[in-house]
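Here is a report on one protein chain. It follows the links between cysteines, then the core, then the way helices pack.

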Amino acid sequence: MAGLMKLACLVLACMIVAGPITTNAALSCGTVSGNLAACIGYLTQNGPLPRGCCTGVTNLNNMARTTPDRQQACRCLVGAANSFPTLNAARAAGLPKACGVNIPYKISKSTNCNSVR
């Protein structure tokens with residue numbers, strides 16, 4: 001009986017921890033940043049476009065399927081863009097196209113993410 005009670009408590013604890021993860025559809029900025037980390041040199045130092053950058057752009061696009069997810073990803077991108085004073089705006093705006101990915105908004109420091117659908 002004590003083993004069954006421990007198992008029930010473990011299942012309940014897992015549900016409490018996993019609940020917010022599965023019900024919160026919006027992407028985290030950590031996820032967005034992690035996927036785009038390989039792009040920093042390309043976007044700020046005019047370095048070559050690494051394959052890992054395009055892999056991250058593609059992964060992020062595949063994860064952002066709902067309007068809330070796309071808006072959250074947009075907010076994270078705008079916040080990241082504003083944190084890099086040496087960001088090459090033309091490269092940022094053209095990054096999705098350079099990676100063969102179509103997103104419904106332009107990556108810039110002034111994108112209105114509320115209008116992203």
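## Disulfides and core

Cys74 and Cys113 are joined by a disulfide, with an S to S distance of 2.0 Å. The model is a predicted one. The torsion about this S-S bond is -75°, and the link of Cys74 and Cys113 is left-handed. Cys74 sits in helix H5, while Cys113 sits in the segment after helix H6 (89–98), so the pair ties together parts that are 39 residues apart in sequence. Cys74 has 0% relative accessibility and therefore counts as buried. Cys113 is buried too, because its relative accessible area is 7%, under the 20% cut-off.

A disulfide is a covalent bond between the sulfur atoms of two cysteines. The chain has 4 disulfides by the distance rule used here. With the bonded cysteines numbered in sequence order, the pairing reads 1-6, 2-3, 4-7, 5-8. Three of these links are described in this report, including the one above.

Next comes the link of Cys29 with Cys76. The two are joined by a disulfide, S to S 2.1 Å. The torsion about the S-S bond is about -85°, so the disulfide of Cys29 and Cys76 is left-handed. Cys29 belongs to helix H2 (residues 29–36) and Cys76 to helix H5 (residues 67–83), so this pair ties together parts that are 47 residues apart in sequence. Which of these partners is buried, and which is partly exposed? Cys76 is buried, at a relative accessible area of 7%. Cys29 counts as partly exposed, at 36% relative accessibility.

The third link is between Cys39 and Cys53, whose sulfur atoms are 2.0 Å apart. Here the torsion about the S-S bond is about 100°, so the disulfide is right-handed. Cys39 lies in the loop between H2 and helix H3 (40–44), and Cys53 in helix H4 (residues 51–63), so the pair ties together parts that are 14 residues apart in sequence. Cys39 and Cys53 are both buried.

The table sets the three links side by side.

| Disulfide | S to S distance | S-S torsion | Handedness |
|---|---|---|---|
| Cys29–Cys76 | 2.1 Å | about -85° | left-handed |
| Cys39–Cys53 | 2.0 Å | about 100° | right-handed |
| Cys74–Cys113 | 2.0 Å | -75° | left-handed |

## The chain as a whole

The chain holds 6 helices and 0 strands. Along the sequence the pattern is α-α-α-α-α-α. Of the 117 residues in the chain, 32% are buried. How are the contacts spread along the sequence? Take the contacts with a separation of 6 or more: residues 24 or more positions apart account for 75% of them.

## The nonpolar core

The largest nonpolar core has 27 residues. Which of them touch the most other members? They are Val32, Leu36, Cys39, Leu43, Val57, Leu95 and Tyr105. H2, H3, H4, H5 and H6 are the elements that give two or more residues to this core. H5 gives the most, with 6 residues.

Leu95 shows what such a core position meets. Neighbours within four places in sequence are left aside here. Leu95 is then in contact with Cys39, Tyr42, Leu43, Leu49, Cys53 and Val57. Both cysteines of one disulfide, Cys39 and Cys53, are thus among the contacts of Leu95.

## H2 against H4

Two packed helices are described by the angle between their axes and the distance between the axes. For H2 and H4 the angle is about 150°, and the axes are 7 Å apart. That makes H2 roughly antiparallel to H4, because the angle is over 145 degrees. On the H2 side, Thr31, Val32, Asn35 and Leu36 take part. They meet Cys53, Gly56, Val57, Asn59, Leu60 and Met63 in H4. By type, the residues of this contact divide into 6 nonpolar, 4 polar and no charged.

## Two further positions

Asn46 lies in the loop between H3 and H4. The phi of Asn46 is near 55°, a positive value in a residue other than glycine.

Ser115 is found in the segment after H6. Ser115 is partly exposed, with a relative accessible area of 48%. Ser115 and Pro104 are 11 residues apart in sequence, and their C-alpha atoms are 9.9 Å apart in space.

Terms used: Residues numbered from 1 in each chain as written. Predicted model: local features only at pLDDT ≥ 70, side-chain atom pairs only at ≥ 80, totals over all residues. Heavy atoms only, no water. Disulfide = S-S within 2.5 Å. Helix = DSSP H or I, 4+ residues; strand = E, 2+ residues; numbered from the N terminus. Buried < 20%, exposed > 50% of the residue type's maximum accessible area, 1.4 Å probe, protein only. Core = buried A, V, L, I, M, F, W, Y, C linked by side-chain atoms within 4.5 Å. Contact = heavy atoms within 4.5 Å. Axes fitted to C-alpha atoms, helices over the stretch in contact; angles between N-to-C directions. Parallel < 35°, antiparallel > 145°, perpendicular 65-115°, else oblique. Nonpolar A, V, L, I, M, F, W, Y, C, P; charged D, E, K, R; others polar.
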